[in-house]
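Visitor: I would like to go through this model term by term, asking each time what lies behind the word that is used.

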Amino acid sequence: MIQLAKMNEKISAVAKGMNTKSTARDHQIVIDEPAKMGGSDEGANPLETLLASLAGCENAVANFVAKEMEFDLQGIDFEINGELDSRGMMGEKGVRPYFQKVTVNATVHTSESEERVKELQETVDSRCPVYTTLEAADVELTPNWVKA
């Protein structure tokens with residue numbers, strides 16, 4: 001029988017207007033909207049923060065997986081694009097208020113082959129909690145991982 005290793009992530013947050021200051025352990029995360037959306041532009045917006053979380057999660061999992069695979073991972077550069085129809089978050093019925101499509105462009109710094117990069121990407125995508133959460137929400141995910 002497999003023993004579960006339970007994890008529990010927790011933050012606290014204080015919100016004023018469009019600005020939200022969250023604390024995770026001893027780290028502060030500021031989420032805000034640009035001035036044109038009524039915010040003070042002190043931080044990334046919530047959707048940008050979600051995409052940044054995806055990059056951070058993919059990177060962390062890639063480092064775990066690279067060790068398991070004995071993969072020479074020297075670093076990854078991410079460019080992630082999320083597309084959504086803003087009418088959904090503005091309340092229009094029948095339009096989902098979250099990303100329809102997310103494209104992950106990752107440039108992997110390594111001495112490994114393109115085939116090994118693809119193997120790393122497939123394993124990472126299957127184990128990354130943020131990626132698999134988006135997948136479960138029926139977001140169309142397009143991973144483009146290439147060797148630098």
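Visitor: Why is Thr49 called buried or exposed, whichever of the two it is?

Guide: Thr49 has a relative accessibility of 18%, and the scale, which uses a 1.4 Å probe and protein chains only, calls a residue buried under 20% relative accessible area, exposed over 50% and partly exposed in between, so Thr49 counts as buried. Thr49 is found in helix H1, where helices are DSSP runs of H or I with at least four residues and strands are runs of E with at least two, both numbered from the N terminus. Leaving out residues up to four places away in sequence, Thr49 touches Ile31 and Ala44, a contact being a pair of heavy atoms within 4.5 Å.

Visitor: What should I keep in mind about the origin of these values?

Guide: This is a predicted model, in which local features need pLDDT of at least 70 and side-chain atom pairs count only at pLDDT 80 or more, while totals for chains, interfaces and linings use all residues. Residues are numbered from 1 along each chain as its sequence is written, and side-chain values use heavy atoms, with hydrogens and water left out.

Visitor: What makes Glu68 and Arg127 a salt bridge?

Guide: A salt bridge requires a side-chain nitrogen of Lys or Arg within 4 Å of a carboxyl oxygen of Asp or Glu, and the closest N and O atoms of Glu68 and Arg127 are 2.7 Å apart, so the pair meets the definition. Because Glu68 lies in helix H1 and Arg127 in helix H2, the pair ties together parts that are 59 residues apart in sequence. Glu68, at 53% relative accessibility, counts as exposed, whereas Arg127, with a relative accessible area of 40%, is partly exposed.

Visitor: How many salt bridges does the structure hold, and what separates Glu122 from Lys118 along helix H2?

Guide: The structure holds seven salt bridges. Glu122 and Lys118 form one of them, at 2.9 Å from N to O, and because these two residues are four apart in helix H2, about one helical turn separates them. Both partners are partly exposed, Glu122 with a relative accessible area of 42% and Lys118 with 46%. Elsewhere, Asp85, Arg87 and Glu92 are joined into one network by salt bridges that share partners; within that network the closest N and O atoms of Arg87 and Asp85 are 2.5 Å apart.

Visitor: Why is Arg96 called partly exposed?

Guide: The relative accessible area of Arg96 is 23%, which falls between the limits for buried and exposed, and therefore Arg96 is partly exposed. Arg96 is found in the loop between S4 and S5 and, leaving aside its neighbours within four places in sequence, is in contact with Asp85, Gly88, Ala137, Asp138 and Val139.

Visitor: What makes a set of residues a nonpolar core, and which members of the largest one touch the most others?

Guide: The set must consist of buried Ala, Val, Leu, Ile, Met, Phe, Trp, Tyr and Cys residues joined through side-chain atoms within 4.5 Å. The largest nonpolar core has 26 residues, of which Leu54, Phe71, Leu73, Val102, Leu120 and Trp145 touch the most other members. Two or more residues each come from helix H1 (46–69), strand S4 (73–83), strand S5 (101–110), helix H2 (114–127), helix H3 (129–136) and strand S6 (140–147), and H1 gives the most, with eight residues. Leu120, not counting residues up to four places away in sequence, touches Ala62, Val65, Ala66, Met69, Phe71, Leu73 and Trp145.

Visitor: What makes an open space a pocket, and which residues lie closest to the centre of the largest one?

Guide: On a 1 Å grid over the protein atoms alone, a pocket is an open set of points where a 1.4 Å probe fits, with protein on both sides within 12 Å along at least five of seven lines, and lining residues have an atom within 4 Å of a point. The largest pocket holds about 840 Å³ of space, and of its 20 lining residues the closest to the centre are Glu9, Ile11, Ala24, Ser53 and Val130. H1 gives the most to this lining, with six residues.

Technical notes
Grid points are joined across faces, edges and corners, and a volume is the space filled by probe spheres set on the points.
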